[in-house]
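Let's take a walk through this structure together. Have the 3D view open and turn it as you read.

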Amino acid sequence: MNIKLQQLRHFLYVVEEGGFRAAASRANRSQATLSSSIKALESELGRALFEPGNNSILTPFGKECAPKIDQFMQLYHRLETDLQSTALGKYGKIRIATVPSIATKLLPDVLAEYSRRYPDVEISLVDDNSVGVCNRLLAGEVDIALGNLDTTHEQEVTFMPLLADPIGVVCTKNHRLAQFKEGVVWQELLGEPFIYNGTCQLLSHTPAYEINIKPRYEVGNITSLFSLLRNELGVTTLPKLAFPEYDNHLVWIPLIDPIVKRQIGMFSIAGRTLPPQVQLFTQLCSSYIKSLN
């Protein structure tokens, strides 16, 4: 059996319009073409759908077929709409891994606008350190990651740069280093108890690597880091985005020698096409970041 979708559509037009002439006008076809289409359908089914001599009256077989065909066409139209919406990124799910500083500073506005435009897309967001977000991506846990790329995996991912985030020194507002408002050179940190955190590895290939060699403390949690800092147990270095904008106790001062910046961006697995909804998110995120510069 080789029933064509157009034949079913023409059959319903005749039923709904009450005749072949009106159905032909609706289908934008000649009446002869429409009649041929219905006859071909009847031939495939092996029975007449309309009574002979009065082409607008259904046969008993036609009456049984009409609701079944109508139900099928409704399902088809829903499928067509769903597929089109999916292709346009209006449905589905986005799984995002991001470093906390981006989740806090940049993503809220992007996610709010994305949700406004695509309310039916589900969003899953998890934060981790820069190594963790890359590992989650490579493990297939997320569709896209945001952060500074771990160079260990740079051949396995496609990286889209978004912005350069400068590194600075963080200390209490009454600390002696706070006087260097325009910037601090790395040598000023040598005599201070240093708190090592995950972002300090960004200093590794600069003269400032010395301050990482024998830290007083080493922490992996940002909450613990700020607790030590506020209790005047040491100083540290942090990207500017990782520093809270309004802090009553701490200050962020640019590191001016050496000048170090982490390259923030989005990355996905190399050679794989992103789902439509994820592509739309990356475009919106990129546009938003560019508007800030």
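We'll start with one helix and then hop over to a single residue. Keep in mind that this is a predicted model.

Find helix H3, which covers residues 31–45. How far apart should the ends of its 15 residues be? At 1.5 Å a residue, the helix should span 21 Å, and its end C-alpha atoms are indeed 21 Å apart, so the two values agree.

Now look at which parts of H3 are tucked away. Its buried residues are Leu-34, Ser-37, Ile-38, Leu-41 and Glu-42. If you peer down the axis of H3, these buried residues fall within an arc of 135°, so they line one face of the helix. Here's a handy rule behind that kind of pattern: an α-helix has 3.6 residues a turn, so residues three or four places apart point the same way.

What do the buried residues of H3 pack against? Their partners are helix H1 (5–17) and helix H2 (20–27). Flip to the face turned away from the buried side, and you'll meet the exposed residues Ala-32, Lys-39 and Ser-43. Just after H3 comes Gly-46, with a positive phi of about 85°.

Next, head over to Val-15, which sits in helix H1. Its relative accessibility is 34%, and because buried means under 20% and exposed means over 50%, Val-15 counts as partly exposed. Leaving out residues up to four places away in sequence, Val-15 touches Phe-50 and Leu-58. Val-15 and Phe-50 are 35 residues apart in sequence, while their C-alpha atoms are 9.6 Å apart in space.

Technical notes: Residues are numbered from 1 along each chain as its sequence is written. This is a predicted model: local features need pLDDT of at least 70, side-chain atom pairs count only at pLDDT 80 or more; totals for chains, interfaces and linings use all residues. Side-chain values use heavy atoms; hydrogens and water are left out. Helices (H or I, at least four residues) and strands (E, at least two) are DSSP runs, numbered from the N terminus. The expected span of a helix is 1.5 Å times one less than its number of residues. Buried means under 20% relative accessible area, exposed over 50%, partly exposed in between (1.4 Å probe, protein chains only). The arc is that of the directions from the helix axis to the C-beta atoms. Contact means heavy atoms within 4.5 Å.
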